[in-house]
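Here are my notes on the structure you sent, set out as numbered points. Please read them with the coordinates open.

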Amino acid sequence: MLCQVLTGMGGVGKTQLAADYARTTWADGSKAGGLDVLVWVSASARSPIVTGYAQAGVELCRADPDDPEGAARSFLAWLTPKAAAKPCRWLIILDDVTDPADLRGLWPPDSPHGRTLITTRRRDITHGRRTVEVGQFTPDEACTYLDNFLSGRDETADELTALASDLGYLPLALAQAGAYLIDTGLDCATYRQRLADRARKLANLLPEAEALPDEQTVTVAAAWSLSIQRADALRPVGLARPMLQLASMLDPNGLPQSVLTSTPALSYAAAHRTARQSSPGETEQVQSEDAYLALRVLQRLSLIDHAPDTPHQAVRIHQLIQRATRDALAPHQYDQCAAAAADALLATWSDIERDPQAELAQTLRTNTTALAYNAEDALHRAGAHKVLYLSGNSLGEAGQVAAARNHFHRLTRTCSSRLGPDHRDTLTAQHDLAEWQGQAGDVAGAVTAFTEVLADRARVLGPDHPDTLTSRHRVAYWQGQSGDTAGAATAFAELLADRVRVLGSDHPDTLSARHSLVDWRGEAGDAAGAAAALAEVLADQVRVLGPDHPNTLTTRHNLAYWRAQAGDMAGAATASAELLADRARVLGPDHPDTLTTRQNVIQWRAQAGGAAGGAATAFAELLADQVRVLGPDHPDTLGTRGNVAHWRGEAGDVAGAAAALAQVLADRARVLGPDHPDTLGTRGSVAYWRGQSGDVAGAATAFAELLADQMRVLGPDHPDTLRTRDNLARCRGEAGDAAGAAAELAEVLEHMVRVLGPHHPRTITVRHELAYWRGQAGDAAGAAALAEVLADRVRVLGPDHPATLVTRNNLAYRRGDEGDAAGSVTDFTELLADRVRVLGPDHPDTIRTRNSLAYWRGQAGDAAGAVAELGDVLVHMVRVLGPDHPLTLNTRRNLAHWRGAAGDVASAVVALAELLDHTQRVLGPDHPDTLTTRYQLADLSGDAGDAARS
């Protein structure tokens, strides 16, 4: 049989049977029936199945560890028998399959050399597979088990048979009884008497009644009760039971040891210690070491599995034992235990805030879900417990924004039904639901939801309550995210006035409102003003909160951002590097905020003129850490993958950038949904690099499709929508329709002026592009329009802002195109000096300016000077950008052209022929630069007298 299924209820030994089979088969080694590959997968959900397969794919097939789904598919493909390959004997064990749907597309392939073994409680995984029912032991098996377990003891066969019958032949119960008998030294007869007495006292205990036959329920619980009683008698006396009670409320598949050794857990254990008398050397206070020893006692008596070497899932407990333990609690004890378990989870979460660990946070969320399932009433007695909110927000912070939204949707419904729609905790759940609704991509829905929460909080709590003011803060924030930056700034100005009045000027919330007001004023166009105002906010935060407060560090982060937006990339990079050291010290090197700061350091250094290849490498190193800490699907991880691709393109590999971004797009659509703003933004990046790779028509089509979706999702006035219209117009111009590009940009400009205002940097950028394409279309007024744009950019952004320098560059080109080549040389000479001073000699824009200066020198009649300058530029480019960068190839083409113009036609032809081969290899035969090179080669070949070649 290629696939067999072990099915039966919990506690019958399915996993042990599978493990024994695996060990035996593996031990056979090279014998017939032995194994070459053995894979054990915990299959309680689809995610761990994919993870297990992916690990095997990485180790066996060298699959990509950053793509678990792809690695899993690679592993399954590797298992498929191949005619020419050496047979590989494999066994895959899928342990504890909960839902057959989890295996859809993940079934191991049929192979004459492979076998699959499944353990499950389900009875419907049967189609095409052999099902093996694993039930209780037979009487003979039970007696043999007990006889082996109790080897060396003087027990009669009749007593063993009777004890096995009393325990219902359930393997788990037999294991409990055997451990108890060995630990206490009791004989079977005495144990059976105690068991019977305990059974009568617990006649109403019904653990897992839906799974166990009626005749077994009482006896199994009684056996565990005796084991618990024995554990309580061992050192540390009286702590085993409260430890087991806490564990019974949480996830049976694993809970962190730190939860059971936290301060709330120790307090619960001290308050509910079942043997109050102190032994010599013991005190009433419970220490973490006492809790640890109690867990070892529970392990010793087979009540739990305790593995301290796996701290995130150190304690595992069978759910039948959990049920028996919980059902033994009186109602008030049940609530106390559940509350203590929730407090213990909360305390453990607080301890990892400095250095969050994705695996531990996931385990804590799973345990919170189990606790909520087991004790929903207890967690809502005096309002909703804080751990319910923390768990949902942790989901979102881990990148699972849709899951966080769904979590708070359920919590809102539960709070409303149990506490009432106007309870403060219900309103808090609604508030968090609105937040994650926005983070999941529904920005307009978030504005509406927060507006409704604001109205309810104002009605219930009053307009000046801190919670009401917080809702006003979030309404303003999402109003800005929806595209209404001016409205957001106005709302924050009004909020700030009220927070000063209610809370005082130095309250953290007031400082936060000042911070947000500055941010949105910056988004409205005043980047330099935002940087100056944030510097003032920062000074007050340092005074009030201290230099290491998270809010202070966040303000330093945003201050660096606005410095960069104001054109000071080098200053932003330096400030971010200083912040990185402080965040690593205060929060830890793996904290998400620290990782974000690393990203900004790389970004600003690259934009300040650093090598694009170095930026791509640095982002790849950051990506590895984010995958480890945050996971491959976290939005920050996906964002860094996009940055790796972008700087790969900036380094010259434009086709590789487009391909890599297409993969990021697929993952963002899967994780966030196709309409999420981040997904739409990635589509724009894919289209951009598609155009840069030479497929201008394809880029235009992609931008047109994106525009339709952004109009539907974000609306016609959203800045992202307007940016796409801008990109679409640029593609039309690059495709040859300069007049059409100008007409489209004129319409975009009208929208920009209405939405953002005439002086917003983005508005001025559209004016700049409109003037450029009008000039390309033959409009002589283009130069005058560019001069007006330059004046406005100097006034709004300053004379040294990169955008201002770009306008000077285009104006210099326009001057040359209009016939004043000498004037163009003068302009480019002045521009080069300023770019060297502002950006540095190695910045790509500086190198482009040297290229342009050489070109216009040639146009002004100095072909030899152009050749000399371009020769120096080319050496510089190869060093900074590399020989394959498109700009390097462009410079080689220009150098060949001016060599020909200077009279050295033969060497120019040779150089262009070599360049053509290089360009075809790097960019492809159909890239516009390749076609231009072919044209110039044909033209120069004719000038050289080679008419046939021409």
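1. Helix 36 has many residues out of solvent's reach in this predicted model: P802, A803, T804, L805, T807, N809, N810, L811, A812, R814 and G816 are buried. Note that the list includes N809, N810 and R814 alongside L805 and L811.

2. The same helix 36 runs over residues 802-817, which makes 16 residues. From its first C-alpha to its last it reaches 23 Å, close to the 22 Å expected at 1.5 Å a residue. Just after helix 36 comes G819, whose phi is positive, at about 110 degrees.

3. Where does Q437 sit, and what does its side chain meet? Q437 belongs to helix 18, which covers residues 424-439. Its side chain makes a polar contact with the side chain of D442, at 2.9 Å. With residues up to four places away in sequence not counted, Q437 touches R405, D442, G445, A446 and A449. D442 thus appears both as the polar partner of Q437 and in this list of touching residues.

4. Is C88 buried, partly exposed or exposed? C88 is partly exposed, because its relative accessible area is 21% and the buried class ends under 20%. The residue lies in the loop between helix 3 (68-79) and strand 3 (90-97).

5. The surroundings of C88 can be listed as well. Leaving aside neighbours within four places in sequence, C88 is in contact with D36, V37, W78 and H113. S111 is 23 residues from C88 along the chain, and the C-alpha atoms of C88 and S111 are separated by 9.6 Å.

6. On the protein as a whole, the model has 42 helices and seven strands. The C-alpha trace spans about 115 × 80 × 50 Å along its principal axes. Of the 950 residues, 51% are buried.

7. How much of the contact set joins residues 24 or more positions apart? Such pairs account for 63% of the contacts with a separation of 6 or more.

8. For the surface, the protein exposes about 40,700 Å². Carbon and sulfur atoms supply 51% of that area.

9. For charge, there are 89 positive and 118 negative side chains in the protein. The centres of the two sets lie 2 Å apart.

Conventions: Residues numbered from 1 in each chain as written. Predicted model: local features only at pLDDT ≥ 70, side-chain atom pairs only at ≥ 80, totals over all residues. Heavy atoms only, no water. Helix = DSSP H or I, 4+ residues; strand = E, 2+ residues; numbered from the N terminus. Polar contact = N/O pair within 3.5 Å; in protein donor to acceptor, adjacent residues only side chain to side chain. Contact = heavy atoms within 4.5 Å. Expected span 1.5 Å × (residues − 1). Buried < 20%, exposed > 50% of the residue type's maximum accessible area, 1.4 Å probe, protein only. Areas by Shrake-Rupley, 256 points an atom, 1.4 Å probe, with all protein chains shown as cover. Lys, Arg positive; Asp, Glu negative; His and termini not counted. Charge placed at Lys NZ, Arg CZ, Asp CG, Glu CD.
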